[in-house]
Amino acid sequence: MSERLADAPKVRDTILAAAAAARGVPGADPRALAHSWLFTGPPGSGRSNAALAFAAALVCTNTEEIGCGRCEGCRHALAGNHTDVVRVVPDKLSISVEGMRGVVAQAARLPTVAKHRVVIIDNADRLTTEAADALLKTVEEPPEHTVIILCAPSTGPEDISQTLRSRCRHIYIPVPSEAEVVRVLMEEEGASEEHARLAAATSLRHIGRARKMVTSPEAQRRRAAAIQLAEHVFFGARAFQAAGALVKAVNKEAIDAYAEADAAEVAKLEAAIGRGARGKGVGRATEDSAPEVKRLEEDQKKRGTRRKRDMFDLVLVDLAGVYRDALVLQSQAGVPLTHPDFEGLSAEIAQRVSQEGLVECLDAVGQCRERLGQNVMPAVAFNGMLGRIRLACGVR
């Protein structure tokens, strides 16, 4: 626990105080334990890691050290296979009321081996109004043995229902320092210090993205392709051709990365409903199960849309970093660059484009991100962005 939250001492102390109260440690303040929590913070700040650390502290079996990270309870909780730690990780655009009713049922169950059952809901900002309402009573009056932790990727809790917010104890999780991200990448991913420092900088200290940067060649290629769009802008139609290729590559990567898992999910459902079997009544059973197959196909389509949107957003964050670096160099601000390995490109852009033009470039990238969130076709959104950037850079 201490190592995982070394960069956030206030968070660590709050969590340990709550765990001590849950365990009934003599002298512990019983008011430190709330049964409903809201963890917020910027993307990549480690909200989920903090929530898992809290869960581990609550189910820790070490009698000498709360949240030791070494006992069976801690190890299972941190690995995601503790029977009393339920983690909801949404992979669709929203969390439905049907899914949340299942979570409410899980929260009501008695713990099996620990004193508490912990329910963690990642990306709780995706709760639909109906899903938030379904969760509200449990958050208002949680079972004595249950602790609920909502995690939301925002710098404040405004994305969460006001009613839910008011029933939770709020903890803000700050972005980790570069040194902490480097430590995690070197110790947990085996990255070299050079690669770890570059990943920490280019990911804006987003731990999840930084991990991808040192483990995934696809993520590294996608980042390079995004950054190079800023260079292609100065060479006629090349930027639009490169953007088209990048859009196709991202679409393909999003599909291929989950094709095997999606196919296995379909096969499992077909086996459950008897598709491919023979005998009396099979045809009718297959016909009756058609809505289930259609529902699964719709769910997979929604998950695929979410994956593509997330990947395109990362592409645009990388592209924005180039123009941010150009502004830094132009103004001689003396702050670290987002893409230090592409400093030459940023310096060239800083010489060719005015400060107003660079701000316009950043605005164009931001508008593209918004349009993708409004379901504008990626190719259309990217072409519109590149058109604005060309004008801002004085390219005719």
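# Exercises on a predicted protein model

The protein has 16 helices and five strands. The model is a predicted one.

## Exercise 1: Overall description

Task: State what the extent, burial, contacts, surface and charges of the protein are.

Solution.
1. Extent: the C-alpha trace spans about 70 × 65 × 40 Å along its principal axes.
2. Burial: of the 396 residues in the protein, 45% are buried.
3. Contacts: among contacts with a separation of 6 or more, 72% join residues 24 or more positions apart.
4. Surface: the accessible surface comes to about 20000 Å², and carbon and sulfur atoms hold 51% of that area.
5. Charges: there are 52 positive and 51 negative charges, and their mean positions are 3 Å apart.

## Exercise 2: The two sides of helix H3

Task: Determine which residues of helix H3 (residues 72-79) are buried, and what they pack against.

Solution.
1. The buried residues of H3 are Gly73, Cys74 and Ala77.
2. These residues lie on the same side of H3, because they cover an arc of only 95° around the axis.
3. The general rule is that an α-helix has 3.6 residues a turn, so residues three or four places apart point the same way.
4. The exposed residues Glu72 and Ala79 are carried on the face of H3 turned away from its buried side.
5. The packing partners of the buried residues are helix H2 (47-59) and strand E2 (85-88).
6. Just after H3 comes Gly80, with a positive phi of about 85°.

## Exercise 3: A residue of helix H2

Task: Decide whether Ala50 is buried or exposed, and list which residues it touches beyond four places in sequence.

Solution.
1. Ala50 is found in helix H2, the helix against which the buried residues of H3 pack.
2. The relative accessible area of Ala50 is 1%. The cut-off for a buried residue is under 20%, so Ala50 is buried.
3. Leaving out residues up to four places away in sequence, Ala50 touches Leu5, Ile15, Phe39 and Ile173.
4. A distance across the model can be read from the same residue: the C-alpha atoms of Ala50 and Ile389 are separated by 39 Å, with these positions 339 residues apart along the chain.

## Exercise 4: The loop between H8 and H9

Task: Compare the accessibility of Ser203 with that of Leu204, and find which backbone oxygens lie by the side chain of Ser203.

Solution.
1. Ser203 is in the loop between helix H8 (193-202) and helix H9 (207-215), and Leu204 is found in that loop as well.
2. Ser203 has 3% relative accessibility and therefore counts as buried.
3. Leu204 has 48% relative accessibility and therefore counts as partly exposed.
4. A polar atom of the Ser203 side chain lies 2.7 Å from the backbone oxygen of Ala199. For the backbone oxygen of Ala200, the distance to a polar atom of that side chain is 3.4 Å.
5. Not counting residues up to four places away in sequence, Ser203 touches Arg209 and Ala210.

## Exercise 5: Positive phi outside glycine

Task: For Leu204 and Asn375, give the phi value, and state where Asn375 is found.

Solution.
1. As background, most residues other than glycine have a negative phi.
2. Leu204 is not a glycine, yet its phi is positive, at about 55°.
3. Asn375 also has a positive phi, near 70°, and is a residue other than glycine.
4. Asn375 is found in the loop between helix H15 (355-373) and helix H16 (378-392).
5. With 56% relative accessibility, Asn375 counts as exposed, whereas Leu204 counts as partly exposed.

Note on methods: Residues are numbered from 1 along each chain as its sequence is written. This is a predicted model: local features need pLDDT of at least 70, side-chain atom pairs count only at pLDDT 80 or more; totals for chains, interfaces and linings use all residues. Side-chain values use heavy atoms; hydrogens and water are left out. Helices (H or I, at least four residues) and strands (E, at least two) are DSSP runs, numbered from the N terminus. Buried means under 20% relative accessible area, exposed over 50%, partly exposed in between (1.4 Å probe, protein chains only). Contact means heavy atoms within 4.5 Å. Accessible areas come from the Shrake-Rupley method with a 1.4 Å probe; for residues, only the protein chains shown count as cover. Lys and Arg count as positive and Asp and Glu as negative; His and the chain ends are not counted. The place of a charge is taken as NZ of Lys, CZ of Arg, CG of Asp or CD of Glu. A polar contact is a pair of N or O atoms within 3.5 Å; within protein, one must be able to donate a hydrogen and the other to accept it, and residues adjacent in sequence count only if both atoms are side-chain atoms. The arc is that of the directions from the helix axis to the C-beta atoms.
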